[in-house]
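Colleague: I'm new to this one and would like to know what stands behind the words people use for it. Could you take me through them?

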Amino acid sequence: MPFNPALNLEAFAVQSTSAAPPPMNALYLRDGKYDGMTRDDVAATFVAFRAQTSTNRLALFFHGGLVDKASGQQGAANEYEKYKDVVFPLFFIWESGIWGVLAHHLPLIFAETIFGRIVDHANGLLTSKLSQAQGAQRLAGTALDVKLDLADISPEKLVLTSADIDSFMSAIKNDEKIQHEAVAIARTSNGVDALMPTMTISGALQLSPRTYMSPEVVRAVRGAYAQANRRNLGTAERVDALPFDIGGAISAAWAIAKAAVPVVINCVKRLVAKRGHGVPCTIAEEVLRALYLANTASSIWEEMKRETEHAFCADSAKYGGTAVIEELCAQLKQKPGTAVTLVGHSTGAIYIGNFLRHVDIALRAQGDTTTMFDVILMTPATTMDFYASHYASRVRGIRIFQMNDETEQQDHLMSKDVGPNDPSILGKVYPRSLLYLISGVCEYFDGEGGIGPHAFDGDDMPILGMDRFYAHSSIFTRGDYPSVGQARTQFAVAPPTAPTKYVRVLSPTAPTPDDGYRSTAEKHGNFPGDGPTMNSIRVCFKQGL
């Protein structure tokens, strides 16, 4: 099974011999609707919960969104074995199909000649500028090879001149590898109209089979090449029949250079504002945004978030989340005080937020204003603003398991390995975690258009599960970022020095007894199966928060 940074099945301390949890303990959904089951199956699950006597606690599990169905089933089977004696688990297993798209796209994008060459050119320019800003001589190697201290970089020290931009564009225009690839892209490209009948949000918007660059960029490359060869258009019926022409190659590369200008401009702005994610990752994020936005995580992520909301549409005969809320409300009416814990990993935190909003409405409709839920989150991928708006009611307490920022910076996205000695090429292209990618690329549409301190939110969106946003209080102030300030004040860092129901456990923790505050996960996808984390969750189930 290929490595999935969203859920590492190999990391589970408990490995079930079953490929899925018992049918009674699983809810299968696709785009919020039942997937191979019915409303009656949900009712049967709650009948089974009331009939058993081993536990009075119900636990609803929500896995992350970048998980395929088979992985979701296997992960749920492993968790079922670990927790079945302390809770009655119900696993929301939702098949979005989106990870398949993203897992296919990113490695191919990272391997594209044009992506790599632009990263190299931006890298060389920024490393030189940063070295000059620090009063140092040009460092050997590139920003991918050396560490630069960005703490004292200020606007007056790091200045990007028009000459710098011209040099960057000329380097791209005169790069023979980019020229040849740009010509190949132009000659194999189609007009955008050819894609319209089959275009989908989660699919690839490819105008050329050679690249995942956004359609507008490919269209510019195609147009530049055709314009440069206009004298040959009379003899060639199609662009792919045009002969190779050095003038056309330079024009096509120049179209790419113009599209790439925002890369270095935005990198400098972000680094000066302390909103960068390290030099190599900031460059990669800006290249993705400038040249590949339509075919990277931004559009895909938005669709995935909508799927977590669709589960709670009005008709419970079609939508499983609504059916669970109906059954849960009936259970709480029949037996008030039934203990319920919500457990979410990654995007599961968004699912839980939508659940809380809808269950609150349903409970109030039957006169229930007192029912509260325990919430356990592992590396939650929700924005701070979403958390503030969706977790404001029905929550008794929250335990978050997440990495400290130093560890998260060593979690290489597309690799099983961590740290500077990671042998994976893909790991080195983006040597940060999945949450860094979500913050830096996926949440672009929610953050774009901000002004003042929020001007970089589309590039560096505050995420609940990232320690970075709690730690940098001078950048993400309570006045400018109320939701970040709220979370920073609300959550104590484990082990808490005073009784509190809101605690962040920063992994890896020191070896201590299983007190509910232990975790050793060092990768985003390892938390659900990490032994100490699972033991801590068992403590939370037994004792409550």
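Modeller: Sure, let's begin with one residue. Leaving out neighbours within four places in sequence, Ile118 is in contact (heavy atoms within 4.5 Å) with Phe168, Ile172, Ile178, Ile256, Ala260, Val287 and Leu291. This is a predicted model, where local features need pLDDT of at least 70 and side-chain atom pairs count only at pLDDT 80 or more, while totals for chains, interfaces and linings use all residues. Residues are numbered from 1 along each chain as its sequence is written, and side-chain values use heavy atoms, with hydrogens and water left out.

Colleague: How do you know that Ile178 is buried or exposed?

Modeller: Buried means under 20% relative accessible area, exposed over 50%, and partly exposed in between, with a 1.4 Å probe and protein chains only. Ile178 has a relative accessible area of 0%, so it is buried. Not counting residues up to four places away, Ile178 touches Arg117, Ile118, His121, Ile172, Ala253 and Ile256. Thr113 is 65 residues from Ile178 in sequence, yet their C-alphas are 7.1 Å apart in space.

Colleague: Which helix is Ile178 found in, and what covers the buried residues there?

Modeller: Ile178 is in helix α6; helices are DSSP runs (H or I, at least four residues), strands are too (E, at least two), and both are numbered from the N terminus. The cover over the buried residues of α6 includes α4, α5, α7 and α8. Helix α6, residues 176-187, has twelve residues and spans 17 Å from first C-alpha to last, close to the 16 Å expected. That expected span is 1.5 Å times one less than the number of residues.

Colleague: What makes the largest nonpolar core a core, and which members touch the most others?

Modeller: The term stands for a set of buried Ala, Val, Leu, Ile, Met, Phe, Trp, Tyr and Cys residues joined through side-chain atoms within 4.5 Å. This one has 154 residues, and Ile118, Ile256, Tyr292, Tyr391, Ile398 and Phe541 touch the most other members. Helix α8, residues 246-272, gives the largest share of this core, 15 residues. In soluble globular proteins, nonpolar side chains tend to be buried together.

Colleague: Why is strand β3 called largely enclosed?

Modeller: Six of the six residues of β3, 57-62, are buried, so the rest of the structure largely encloses the strand. Arg57, Ala59 and Phe61 point one way, while Leu58, Leu60 and Phe62 point the other way.

Colleague: How do you know which strands β3 pairs with?

Modeller: Two strands pair if DSSP finds at least two bridges between them. With β5 (residues 339-345) there are six, in the parallel sense, and with β4 (residues 88-94) five, also parallel. Ala59 stands opposite Thr341 in β5, and its bridge partner in β4 is Pro89.

Colleague: What makes the β-α-β unit right-handed?

Modeller: With the strands pointing away from the viewer, the path from the first strand over the helix to the second has to run clockwise. The unit of β3, helix α2 and β4 is right-handed. Twelve of the 15 residues of α2 are buried, so this helix too is largely enclosed. Those buried residues pack against β1, β3, β4 and α20.

Colleague: Where is the pLDDT below 50?

Modeller: pLDDT is the predictor's confidence in each residue, from 0 to 100. The chain's mean is 87, and 87% of its residues reach 70 or more. Over residues 136-148 the pLDDT is below 50, and likewise over residues 192-203. Where pLDDT is low, the predicted coordinates should not be read in detail.
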